[in-house]
Amino acid sequence: MRLHDLKPRPGAKHRRKRLGSGESSGHGKTSGRGGKGQTARSGSSIRIGFEGGQMPLIRRIPKRGFNNARHATRYLPVNLEDLNRFEDGARVDEAALRTLGLANGRADGIKILGQGELTRKLSVVAHAFSASARAKIEAKGGTCEIVSATPAEAPKS
C-alpha cells in the first residue's frame, strides 16, 4: 500500500450544496431559506426559546414547588495525588489549598477524594473525605479532620 492508494471512506466526502445557481437546480431563488423575514437574512440567528417577541413558554409557566438542587451541598473536589505538593508533616486546610490553586471557585466546602497515591504524612483538614482517601491518609500516618461548613445565619425571631 502506497500513499496514492489511500482513499477516504465511502460517504466521508461529498460536494457542498451550491446555492443560488438557477431555479431548476432546486436551490435557486431563495437558496433554501424559505420566504422573507428574519431567518432569510444573512447573519441571522434566533436564540433558543425566542418566540418572536411573544412571552416565551419558559417565562409563562409558574415556577413553584420543591427543587432539591437549591439545598444540595456542593464540594470542591481535590485528589490525593495533588496533596503531594505539600511538605511532609504540613497542615493542609482550605486556605492552603486555595493559595496553591487546587481549590478554586465558590462552594460549600472541600472534599478530599482518593484518586492517586499519597507519598507524605499530612494533617488534612477538610469538609468531607471519601473512604479511600481517609484510609490512604491514615495509612501514611497522617490525620483527617472534618470541619463543618460555615453555619447558616440563625433565624431572627
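Leu 76 stands opposite Ile 110 in β3. That pairing is a good place to enter this predicted model. Around it, β1 and β3 run parallel and are joined by five bridges. Another partnership in this ladder puts Tyr 75 with Gly 109 of β3.

Strand β3 also has a second neighbour. It pairs with β5, residues 128–129, in the parallel sense over two bridges. Here Ile 112 stands opposite Phe 129 in β5. Put the pairings together and an open sheet of three strands appears, in the order β1-β3-β5, with parallel pairing. β1 and β5 take the edges, each with a single partner strand, so one side of each has no neighbour in the sheet.

Now turn to the other sheet. It is open too, with three strands in the order β2-β4-β6 and parallel pairing. Its edges are β2 (91–92) and β6 (143–146); each has a single partner strand, so one side of each is left without a neighbour in the sheet. Helix α3, residues 131–139, packs on this sheet and touches β4 and β6. The direction of α3 makes about 135° with that of β6. Strand β4 covers residues 123–126 and pairs with β2 in the parallel sense over two bridges. Arg 91 has Ser 123 in β4 as its bridge partner.

How do the elements follow one another along the sequence? The pattern reads α-β-β-α-β-β-β-α-β. In total the protein has three helices and six strands.

Next, look inside. Nonpolar side chains tend to be buried together in soluble globular proteins. The largest nonpolar core in this model holds 21 residues. Which of them touch the most other members? They are Leu 83, Phe 86, Leu 97, Ile 112, Leu 122, Val 124 and Ile 137. Several elements give two or more residues to this core: β1 (75–79), α2 (94–99), β3 (109–113), β4 and α3.

Ile 112 is worth a closer look. Leaving aside residues up to four places away in sequence, Ile 112 touches Val 78, Leu 80 and Leu 83. It also touches Val 124, Ala 126, Ala 128, Phe 129 and Ser 130. Ala 133 and Ile 137 complete the list for Ile 112.

Step back to the whole chain. A compact globule of 157 residues would have a radius of gyration near 15 Å, but this protein has 29 Å. Along its principal axes, the C-alpha trace spans about 80 × 75 × 25 Å. Buried residues make up 20% of the 157. The accessible surface comes to about 12,800 Å², and carbon and sulfur atoms account for 50% of it. Contacts tell of sequence range as well. Among those between residues at least 6 apart in sequence, 43% join residues at least 24 apart.

Finally, look at the segment before α1 (57–60), where Lys 29 is found. Most residues other than glycine have a negative phi. Lys 29 is not a glycine, yet its phi is positive, at about 50°. Is Lys 29 buried or exposed? Its relative accessibility is 73%, so Lys 29 counts as exposed, the cut-off being over 50%. Ser 31 also lies in the segment before α1. The phi of Ser 31 is positive too, near 55°.

How values were computed. Residues numbered from 1 in each chain as written. Predicted model: local features only at pLDDT ≥ 70, side-chain atom pairs only at ≥ 80, totals over all residues. Heavy atoms only, no water. Pairing = 2+ DSSP bridges. Helix = DSSP H or I, 4+ residues; strand = E, 2+ residues; numbered from the N terminus. Contact = heavy atoms within 4.5 Å. Axes fitted to C-alpha atoms, helices over the stretch in contact; angles between N-to-C directions. Rg over C-alpha atoms; globule rule 2.2 N^0.38 Å. Buried < 20%, exposed > 50% of the residue type's maximum accessible area, 1.4 Å probe, protein only. Areas by Shrake-Rupley, 256 points an atom, 1.4 Å probe, with all protein chains shown as cover. Core = buried A, V, L, I, M, F, W, Y, C linked by side-chain atoms within 4.5 Å.
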